[in-house]
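This report describes the strands, helices and cysteines of one protein model. Please keep the sequence and the three-dimensional view at hand while reading.

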Amino acid sequence: MKVAVFSTKPYDREFLTQANALLAQPHELVFHETQLNTHSALLAQGCQAVCCFVNDHVDADVLQQLAAQGVTLVALRCAGFNQVDLAAAKNLGITVARVADYSPHAVAEHALGLMLMLNRHLHRAYHRVRENDYSLNGLLGFDMVNKVVAVIGTGKIGEVFARIALGLGCKLIAYDPQPNQALVEAGVTYVPLEQLWPQADVISLHCPLNSSTHHLINSESIARMKEGVMIINTGRGGLIDTRAVISGLKSKKIGHLGLDVYEEEGDLFFEDNSNQLLQDDVFARLLTFPNVVVTGHQAFFTREALTAIARVTLANITHFEHNERDKMCTVN
Ligand code: NAD
């Protein structure tokens, strides 16, 4: 099948090309650096499928253009699908597939990294030592053992993160409309959100972004949290109302903030903007706090995850080509 692959970086091309070469019937992959949007959708001309990533614009307009060119499959090379207008895709007869399960460890371990980095101020310690400054003022952390860690969304990634935190000796509470029985047996206590906010020392977000989770972290939920709470978001940027979080940081209600995702990341992340002026004042304000660490949507970025993403994405395309819908991971 001929596939237009959008938002590709050298590493995408490397892993997809390697996985494609292993197929009995390789696909024709046409790589594009540009994001998929209304201006670039024409690049899918002659292709039956498009392959997209987290910040591609797969809205109704774009889908309409794709359908008009004969595209019948959107193969996402990511787990989240909040960037796709699923209703429009369904109306246009376009199937949307995703990679549901590539390496939950990659993301969970990155969340752990952010949590420990913020707690022990490693981001500041790194710079101090390089400046010949070995003072410890401002670097005081806390033992993780016995701290209450709250996991919101205990699917594949949330489960791995919860188990890692249990391994650190933390007390685990969680919220998920569909509790995970294996975690209950491992010692995780499910509580409603109103009970979660005031108990948690650390809150880690692992739920999908949808209408019920948009701005889950907002001024009201922040007001109910513990003084000095740590919030970690490796889910999706829209889970957090960034302005509310900035107010929480200024009032010291929020003691630490670790982000791998940001609600307006589409214009920033995955690119080298070091020669540009940062135009996003809200993001710029976030970067001024010493107790905030931001990474540019890299939680998924391990060798194992990229290998699995490439393999599953191409398998979805192959199954679609062979009319084996039951073997695909579809979302509509
Ligand atoms: P998953 O589908 O296995 O788990 C999601 C869990 O969230 C499910 O258990 C579901 O019941 C729960 N959930 C749904 N609505 C909820 C709500 N309102 N409140 C609380 N929980 C709710 O997904 P996953 O593979 O664990 O991935 C979770 C999210 O992580 C993805 O949706 C994606 O947005 C994000 N993600 C980020 C990266 C990254 O690189 N930063 C990589 C992969 C995934």
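In what order do the seven strands of the open sheet lie? The order is E8-E7-E6-E9-E10-E11-E12, and the pairing is parallel. The model is a predicted one. At the edges of this sheet are strand E8 (189–190) and strand E12 (292–294), each of which pairs on one side only.

**The seven-stranded sheet**

Strand E6 (residues 148–152) and strand E9 (residues 202–205) run parallel and are joined by four bridges. Within this pair, Ala150 has Ile203 of E9 as its bridge partner. Helix H4 (residues 104–119) packs on the sheet, where it touches E9, strand E10 (229–233), strand E11 (254–259) and E12. The direction of H4 makes about 150° with that of E10. Helix H10 (residues 242–250) also packs on the sheet and touches E11 and E12. The direction of H10 makes about 140° with that of E11.

E10 is joined to E9 by four bridges, and these two strands run parallel. Ile203 has Ile231 in E10 as its bridge partner. E10 is also joined to E11, with which it runs parallel, by five bridges. In this second pair, Met230 stands opposite His256 of E11. From E10 the chain crosses through H10 to E11, and this β-α-β crossover is right-handed.

Is strand E10 enclosed or open to the surroundings? Five of the five residues of E10 are buried, so the strand is largely enclosed by the rest of the structure. In a regular strand, side chains alternate between the two faces of the sheet. Both faces of E10 are covered: Val229, Ile231 and Asn233 are buried on one side, and Met230 and Ile232 are buried on the other.

**Strand E3 and its partners**

Strand E3 (residues 49–52) likewise has both faces covered. Ala49 and Cys51 are buried on one side, while Val50 and Cys52 are buried on the other. E3 pairs with strand E1 (residues 2–5) in the parallel sense over three bridges, and Val5 has Cys51 of E3 as its bridge partner. E3 is also joined by four bridges to strand E4 (residues 73–76), and the two run parallel. There, Cys51 has Ala75 of E4 as its bridge partner. The chain passes from E3 through helix H2 (residues 60–68) to E4 in a right-handed β-α-β crossover.

**The cysteines**

How many disulfides does the structure hold? The number is zero. A disulfide requires two cysteine sulfur atoms within 2.5 Å. The table gives the closest cysteine sulfur for two of the residues.

| Cysteine | Closest cysteine sulfur | Distance between sulfurs |
|---|---|---|
| Cys78 | Cys52 | 8.4 Å |
| Cys329 | Cys78 | 11 Å |

Why does Cys78 form no bond with Cys52? The sulfur of Cys78 is 8.4 Å from that of Cys52, which is too far for a bond. For Cys329, the closest cysteine sulfur is in Cys78, and the distance of 11 Å is again too far for a bond.

The surroundings of these residues may be described as well. Cys78 has a relative accessibility of 2% and therefore counts as buried. Cys329 has a relative accessibility of 24% and so counts as partly exposed. Cys52, whose sulfur is the closest to that of Cys78, is one of the buried residues of E3.

Definitions and conventions. Residues numbered from 1 in each chain as written. Predicted model: local features only at pLDDT ≥ 70, side-chain atom pairs only at ≥ 80, totals over all residues. Heavy atoms only, no water. Buried < 20%, exposed > 50% of the residue type's maximum accessible area, 1.4 Å probe, protein only. Pairing = 2+ DSSP bridges. Right-handed = clockwise from strand over helix to strand, strands pointing away. Contact = heavy atoms within 4.5 Å. Axes fitted to C-alpha atoms, helices over the stretch in contact; angles between N-to-C directions.
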